[in-house]
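Student: Could you teach me how to read side-chain features in a protein structure? I would like to go one feature at a time.

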Amino acid sequence: MSLRVARKSISDVASVKLQREELWTESKLRNLIHAKLGDKVLFVVSNREPYMHVLDEATGAVHCIRPASGVVTAIHPILCACGGTWIAHGGGDADRKFVNSKDKLGVPPNDDRYILKRVWLSKQEEDGYYYGFSNEGLWPLCHNTHTRPIFRQEDWEIYKQVNRKFCDSLLEELPATSPFIFIQDYHFTLLGKMIKEKRPDAKVALFWHIPWPTPEAFQICPYQKDILDGMLGCDLIGFHVQNHCNNFLDTANRLLESRVDTEKFSVIRLEKETFVRAYPISVKSHVGAPALERDTSLEMERLRKEFNLQDMVVGVGVDRIDYTKGIVERIHAIDRFFEKYPKYRGKVVFVQLASPSRTHIKRYHDLISEIDELVEKKNWKYMEGSWKPILYLKRHFSADEIAPFYAMADFCIVSSLHDGMNLVAKEYVSEKRDNRGALILSQFTGAARELVDAILINSYSTEEFADSIFQAVEMPVEEQARRMESMRMIVAENNIYRWAANIITDLTALKNV
Ligand code: F6P
């Protein structure tokens with residue numbers, strides 16, 4: 001099987017090279033989808049919604065925000081390109097005020113490119129399905145970060161109920177003939193099978209945005225069979241990298257009564273065939289874009305003044321506060337960098353944009369305090385006059401607010417301990433229109449397979465990590481340009497439109513079994 005996988009990877013690389021003729025754009029994707037789907041609309045289901053209406057308690061104003069989420073970054077441009085309906089949890093505290101009687105609204109606000117249908121969850125449902133089973137169970141199960149998964153029977157029961165609730169909400173929307181449904185992530189492992197029971201004519205794909213573990217790791221989940229069975233209700237399952245596909249095929253092979261076809265990369269269970277493929281997710285990419293949508297230079301100037309960054313070498317990190325992102329390891333490496341290379345004290349500032357996430361889970365709550373304390377301690381250790389090594393900005397940042405930070409940063413750090421892909425790495429590269437800057441990237445991210453011109457690190461090795469910061473800061477401009485240009489081309493060629501085109505093409509090519 002390993003040999004076949006190796007052969008397939010080689011032939012995939014070859015076919016990608018052959019296809020590298022022109023860049024995929026929004027309009028090219030729109031044409032492809034119209035050609036493949038005709039009048040049929042696309043249905044997307046995810047937990048996280050692309051727009052959230054949240055109440056600012058201090059002012060009483062309602063803000064419409066775009067959540068910090070890989071799913072939102074990736075799927076939103078696709079639905080903007082081709083329309084459709086996106087069904088997601090209405091998680092904003094003011095969300096109910098902005099929907100019609102069918103719980104729907106047009107988005108983006110004042111542009112109405114597609115429909116967002118909000119599904120309401122009670123506190124108890126959110127607790128059991130989202131915080132509990134999805135994020136205390138499946139999330140640590142799939143990430144090698146030594147955080148122990150917690151499986152509670154009551155969470156599992158609620159997870160099943162919520163999958164059913166989303167299924168009912170989706171079924172209400174489906175047209176009479178063969179709809180196309182695109183499910184996102186580990187929150188909905190049971191949905192594929194539930195949909196097929198009611199609508200066997202539907203074509204259903206699931207994209208798994210996080211890593212898939214080895215069978216040895218997965219088998220500790222008490223509900224392993226139901227989960228695999230639910231997922232194998234889908235026609236197509238996508239992962240970021242071939243390694244996760246291999247792990248999934250191995251898992252199905254070992255833990256479920258099924259047959260794995262290593263020629264076709266599919267699993268056959270109870271006469272139903274499910275294809276398993278790698279689709280490395282991406283961003284829109286600004287390479288080849290006709291003009292800047294927004295000039296960031298004034299914003300950069302303003303930020304430099306506001307945060308005393310004039311004449312500083314600036315590094316940036318942009319993360320949800322999650323233990324998988326290696327933020328603690330990053331701070332230790334920054335500490336070691338200033339210890340080992342004291343000439344950079346007073347000259348380098350690392351800006352960490354950190355958006356609080358899943359805060360009702362103890363592990364996340366504790367992590368927030370741990371990082372607060374660590375930043376305070378390290379800043380105190382090195383601060384001189386108005387200079388301090390780490391500028392820690394802890395709140396939600398919109399994409400427009402993040403762009404000037406990327407643009408001004410001389411280097412960016414992505415130090416995940418394990419990550420399916422990591423779109424921050426690709427966003428940073430995409431934003432560096434002047435080919436300046438260096439990317440320090442954890443070898444444990446899916447992105448490290450593509451962005452081989454980054455400075456690749458083992459985030460657990462503080463010494464190596466500190467030296468990589470030194471390497472980034474010292475990197476000659478010509479080397480920055482050479483590496484950045486090559487990474488920008490890779491992101492441009494494999495942008496989010498190509499990702500969507502590949503999945504839609506494969507899904508529409510499947511014959512219903
Ligand atoms: O990328 C993995 C993922 O869980 C996405 O599914 C999700 O949108 C993102 O991380 C952010 O997490 P959450 O939606 O729980 O805030």
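Student: Let's begin with Phe-133: does Phe-133 count as buried or exposed?

Tutor: The model here is a predicted one. The general idea is to look at relative accessible area, where under 20% means buried. Phe-133 has 1% relative accessibility, so this residue counts as buried.

Student: How do I read the rings, and how many aromatic pairs are there?

Tutor: Rings pair if their centres lie within 6.5 Å. The count comes to 35 aromatic pairs. One of them joins Phe-133 and Phe-151, with 5.8 Å from centre to centre and 50 degrees between the planes, which makes the pair tilted. This pair links distant parts of the chain, 18 residues apart: Phe-133 sits in helix H4 (residues 123-142), while Phe-151 sits in the loop between H4 and helix H5 (153-171).

Student: What kind of pair do Phe-337 and Tyr-344 make?

Tutor: Planes under 30 degrees apart count as stacked. For Phe-337 and Tyr-344 the planes are at 25 degrees and the ring centres are 5.6 Å apart, so this pair is stacked. Both Phe-337 and Tyr-344 are buried.

Student: Which residues do ring pairs link into a cluster?

Tutor: The cluster contains Tyr-129, Phe-133, Phe-151, Trp-156, Tyr-159, Phe-166, Phe-188 and Tyr-223. You have already met Phe-133 and Phe-151 as a tilted pair.

Student: Where can I find a charged residue over the face of a ring?

Tutor: Try Lys-28, which lies over the face of Trp-24 at 4.2 Å from the ring centre. Another case is Arg-395, lying over the face of Phe-397 at 3.9 Å from the ring centre.

Student: Now for salt bridges. What is the general idea?

Tutor: Side chains of opposite charge can pair when their charged atoms come close. In this model the count comes to 40 salt bridges. Take Lys-117 and Glu-172, whose side chains meet in a salt bridge at 3.0 Å, N to O. Lys-117 lies in strand S6 (residues 114-119) and Glu-172 in the loop between H5 and strand S7 (180-184), so this pair ties together parts that are 55 residues apart in sequence.

Student: Are these two partners, Lys-117 and Glu-172, buried or exposed?

Tutor: Lys-117 is buried, at 3% relative accessibility, whereas Glu-172 is exposed, with a relative accessible area of 62%.

Student: Where do Asp-235 and Lys-272 lie in the chain?

Tutor: Their side chains meet in a salt bridge of 2.8 Å, N to O. Asp-235 is in the loop between helix H8 (224-231) and strand S9 (236-239), and Lys-272 is in strand S12 (residues 272-278), so the bridge ties together parts 37 residues apart in sequence. Asp-235 is buried at 3% relative accessible area, and Lys-272 counts as buried at 17%.

Student: What separates Asp-366 and Lys-362?

Tutor: These two are four residues apart in helix H12 (residues 362-382), which means about one helical turn lies between them. Their side chains form a salt bridge of 2.6 Å, N to O. Asp-366 is partly exposed, with a relative accessible area of 34%, and Lys-362 is exposed, at 58%. Elsewhere, salt bridges that share partners join Asp-335, Arg-336, Glu-339, Lys-340, Lys-378, Lys-381, Glu-463 and Asp-467 into one network.

Student: Which residues form a nonpolar patch on the surface?

Tutor: Leu-55, Val-62 and Phe-98 form such a patch, with about 210 Å² of accessible area together. Phe-98 is placed in the loop between strand S4 (85-89) and strand S5 (104-107), and is partly exposed, with a relative accessible area of 37%.

Student: What lies 2.9 Å from a polar atom of the Asn-247 side chain?

Tutor: That is the backbone oxygen of Trp-212. Asn-247 is found in helix H9 (residues 242-255), and is buried, with a relative accessible area of 13%.

Student: One last case: where does Phe-470 lie?

Tutor: Phe-470 is in helix H16 (residues 462-474) and is partly exposed, with a relative accessible area of 23%. Phe-470 and Ile-281 are 189 residues apart in sequence and 30 Å apart in space, C-alpha to C-alpha.

Note on methods: Residues numbered from 1 in each chain as written. Predicted model: local features only at pLDDT ≥ 70, side-chain atom pairs only at ≥ 80, totals over all residues. Heavy atoms only, no water. Phe/Tyr/Trp six-rings, centres within 6.5 Å; stacked < 30°, edge-to-face > 60°. Buried < 20%, exposed > 50% of the residue type's maximum accessible area, 1.4 Å probe, protein only. Lys NZ or Arg CZ within 6 Å of the ring centre and 35° of its normal. Patch = residues over 30% accessible without salt bridge, like charges linked within 9 Å, V, L, I, M, F, W, Y side chains within 5 Å. Areas by Shrake-Rupley, 256 points an atom, 1.4 Å probe, with all protein chains shown as cover. Salt bridge = Lys/Arg side-chain N within 4 Å of Asp/Glu carboxyl O. Polar contact = N/O pair within 3.5 Å; in protein donor to acceptor, adjacent residues only side chain to side chain.
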